[in-house]
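Welcome to a short set of exercises, each with a worked solution. Keep the viewer open and try each task before reading on.

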Amino acid sequence: MRRSSVSLFFSSVIRKACGLLFCILYLNTPQTFAQSSYSTAPKALAKGQQLFQNHCAACHNFLQKGIGPSLERATEELPADWLKKFIHNAPEVIASGDVRSAKLFEEYRQVMPAFPALKEADLDAILSFIHKNQKALPKDQDALGAIQDP
């Protein structure tokens, strides 16, 4: 009987240690947010390109900082939900106290305009276009000028 209680004890300790190790490794690993749901359909990408050129290209590109941050790794490093909220209404996201948007405002000293006319499908198309046109960087190299998670 003593042997089984000792076995159970060590089994429990090992499970807890493995769980703790997993949490430590998970929390200390940089997270990527790339979704497999970004469309690759030619129509969606064409629509995204048109919307990007009409609403985004004056301030953003995929190579370097401009009036706004470079988008070279935006869909790899940021959650799609956050990107959609920010594109749709950046002033509202900043006013909500969002840390990432506050850092962007602090760095660029201007607010991206709100785009309330953009529908969910429009935002999806823009993000698909952005995702398709990002630079591929090695995992250990930071994107120069990309939007960073605080």
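**Exercise 1. Which residues does Q134 touch, not counting residues up to four places away in sequence?**

Solution. Before you start, note that the model is predicted.

Step 1: Find Q134 in the segment after helix 6.

Step 2: List its partners, leaving out residues up to four places away in sequence: Q134 touches F62, L71, E72, R73, A74, T75 and E76.

Step 3: Look for polar contacts among these. A polar atom of the Q134 side chain lies 3.1 Å from the backbone nitrogen of R73. The Q134 side chain also reaches the backbone nitrogen of A74, at 2.7 Å.

Step 4: Decide how covered the residue is. Q134 has a relative accessibility of 14%, so it counts as buried.

**Exercise 2. Describe the overall make-up of the protein chain.**

Solution. Step 1: Count the elements. The protein chain has 6 helices and 0 strands, and from the N terminus on its elements run α-α-α-α-α-α.

Step 2: Turn to burial. Of the 150 residues of the chain, 32% count as buried.

Step 3: Add the surface. About 10000 Å² of the protein chain is exposed, with carbon and sulfur atoms supplying 60% of that area.

Step 4: Check how contacts are spread along the sequence. Among contacts in the protein chain with a separation of 6 or more, 72% come from residues 24 or more positions apart.

**Exercise 3. Where does helix 4 bend, and by about how many degrees?**

Solution. Step 1: Compare the span with a straight helix. Helix 4 covers residues 80–95, which is 16 residues. Its end C-alpha atoms are only 20 Å apart, short of the 22 Å that a straight helix would reach at 1.5 Å a residue.

Step 2: Locate the bend. Helix 4 bends by about 115° at N89, and the proline P91 follows within four residues.

Step 3: Mark the buried positions. In helix 4 these are A80, W82, L83, K84, F86, I87, A90, V93 and I94.

Step 4: Ask what lies over them. The cover of these buried residues includes helix 3 (74–77), helix 5 (99–108) and helix 6 (120–132).

Step 5: Look just past the end. Helix 4 is followed by G97, which has a positive phi, near 90°.

**Exercise 4. How many salt bridges does a search of the whole structure find? Work through some of the pairs.**

Solution. Step 1: Recall the principle. Side chains of opposite charge can pair when their charged atoms come close.

Step 2: Give the total. The search of the whole structure finds 5 salt bridges.

Step 3: Take K65 and E107, which form a salt bridge with their closest N and O atoms 2.5 Å apart. K65 lies in the loop between helix 2 (42–55) and helix 3, and E107 lies in helix 5, so this pair ties together parts that are 42 residues apart in sequence. K65 is partly exposed at 43% relative accessibility, and E107 is partly exposed at 44%.

Step 4: Take R73 and E77, whose side chains meet in a salt bridge at 3.2 Å, N to O. With a cut-off of under 20% for buried, R73 counts as buried at 9%, and E77 is buried at 16%.

Step 5: Take E120 and K84, whose side chains meet in a salt bridge at 2.8 Å, N to O. E120 lies in helix 6 and K84 in helix 4, so the pair ties together parts that are 36 residues apart in sequence. E120 is partly exposed, with a relative accessible area of 48%, whereas K84 counts as buried at 14%.

Step 6: Extend the pair. Salt bridges that share partners join K84, E120 and D124 into one network.

**Exercise 5. Is I126 buried or exposed? Describe its surroundings too.**

Solution. Step 1: Place the residue: I126 lies in helix 6.

Step 2: Read its accessibility. I126 has 0% relative accessibility, so it counts as buried.

Step 3: List its contacts. Leaving aside neighbours within four places in sequence, I126 is in contact with G48, L51, F52, C56, I87 and L118. One of these, I87, is also among the buried residues of helix 4.

Step 4: Compare sequence and space. I126 and H55 are 71 residues apart along the chain, while their C-alpha atoms are separated by 9.6 Å.

Notes:
Residues are numbered from 1 along each chain as its sequence is written. This is a predicted model: local features need pLDDT of at least 70, side-chain atom pairs count only at pLDDT 80 or more; totals for chains, interfaces and linings use all residues. Side-chain values use heavy atoms; hydrogens and water are left out. Helices (H or I, at least four residues) and strands (E, at least two) are DSSP runs, numbered from the N terminus. The expected span of a helix is 1.5 Å times one less than its number of residues. The bend at a residue is the angle between axes fitted to the seven residues ending there and the seven starting there. Buried means under 20% relative accessible area, exposed over 50%, partly exposed in between (1.4 Å probe, protein chains only). Contact means heavy atoms within 4.5 Å. A polar contact is a pair of N or O atoms within 3.5 Å; within protein, one must be able to donate a hydrogen and the other to accept it, and residues adjacent in sequence count only if both atoms are side-chain atoms. Accessible areas come from the Shrake-Rupley method with a 1.4 Å probe; for residues, only the protein chains shown count as cover. A salt bridge is a side-chain nitrogen of Lys or Arg within 4 Å of a carboxyl oxygen of Asp or Glu.
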